[in-house]
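Me: I am new to this structure and would like to go through it step by step. Please show me the sequence and the model before we begin.

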Amino acid sequence: MHTPDPIIEIENIAKKADIKLIHYRDSVLHRFPLLFSFLAIFSTASILYGFELIISRIQFFQNYPVILILGGIGVLFFTGMLYKSLGKV
């Protein structure tokens, strides 16, 4: 009588388990894209609103909002130059 090879049996069990568990192996982002989209939007809005509340407490920026705008443009310009100098463009 022929006895099955134990290594082949183990491989067959592993293949069956792999087929059954393929859904759980997918990344959570691919399984729940809407949830992660809402979480990303909520966190971005929370950060922006919190930053707005912090800035609104600073009297200097309330009196001179142009300085805040120019500072933001300056930071964007600086990060753009830094990005370009690192050779990413």
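Reply: One definition comes at the start: a residue is buried under 20% relative accessible area, exposed over 50%, and partly exposed in between, with a 1.4 Å probe and protein chains only. This is a predicted model, in which local features need pLDDT of at least 70 and side-chain atom pairs count only at pLDDT 80 or more, while totals for chains, interfaces and linings use all residues. Residues are numbered from 1 along each chain as its sequence is written, and side-chain values use heavy atoms, with hydrogens and water left out.

Me: Is Tyr64 buried, partly exposed or exposed?
Reply: The relative accessible area of Tyr64 is 46%. Since partly exposed covers the range between 20% and 50%, Tyr64 is therefore partly exposed.

Me: Which residues are linked into a cluster by ring pairs?
Reply: Rings of Phe, Tyr and Trp (its six-membered ring) pair if their centres lie within 6.5 Å, and planes under 30 degrees apart count as stacked, over 60 as edge-to-face and the rest as tilted. By this rule there are two aromatic pairs, one of them edge-to-face between Phe60 and Phe61, at 5.7 Å centre to centre and 65 degrees between the planes. The rings of Phe60 and Tyr64 have centres 5.3 Å apart and planes at 50 degrees, so that pair is tilted. The cluster linked by these ring pairs is Phe60, Phe61 and Tyr64.

Me: Which helix gives the most residues to the nonpolar patch?
Reply: A patch takes residues with over 30% relative accessible area and no salt bridge (a side-chain nitrogen of Lys or Arg within 4 Å of a carboxyl oxygen of Asp or Glu), joining like charges within 9 Å and nonpolar side chains (Val, Leu, Ile, Met, Phe, Trp, Tyr) within 5 Å. Leu29, Phe32, Leu35, Phe36 and Leu39 form such a nonpolar patch on the surface, with about 460 Å² of accessible area together, by the Shrake-Rupley method with a 1.4 Å probe. Leu39, at 46% relative accessibility, is partly exposed. The helix that gives the most, with three residues, is H3.

Me: In which helix is confidence highest?
Reply: Helices (H or I, at least four residues) are DSSP runs numbered from the N terminus, and the protein has five of them and zero strands. Confidence here is pLDDT, given for each residue from 0 to 100, and the protein averages 85. Its lowest mean, 73, belongs to helix H2 (residues 28-31), while the highest, 93, belongs to helix H5.

How values were computed: Helices (H or I, at least four residues) and strands (E, at least two) are DSSP runs, numbered from the N terminus. pLDDT is the predictor's confidence in each residue, from 0 to 100.
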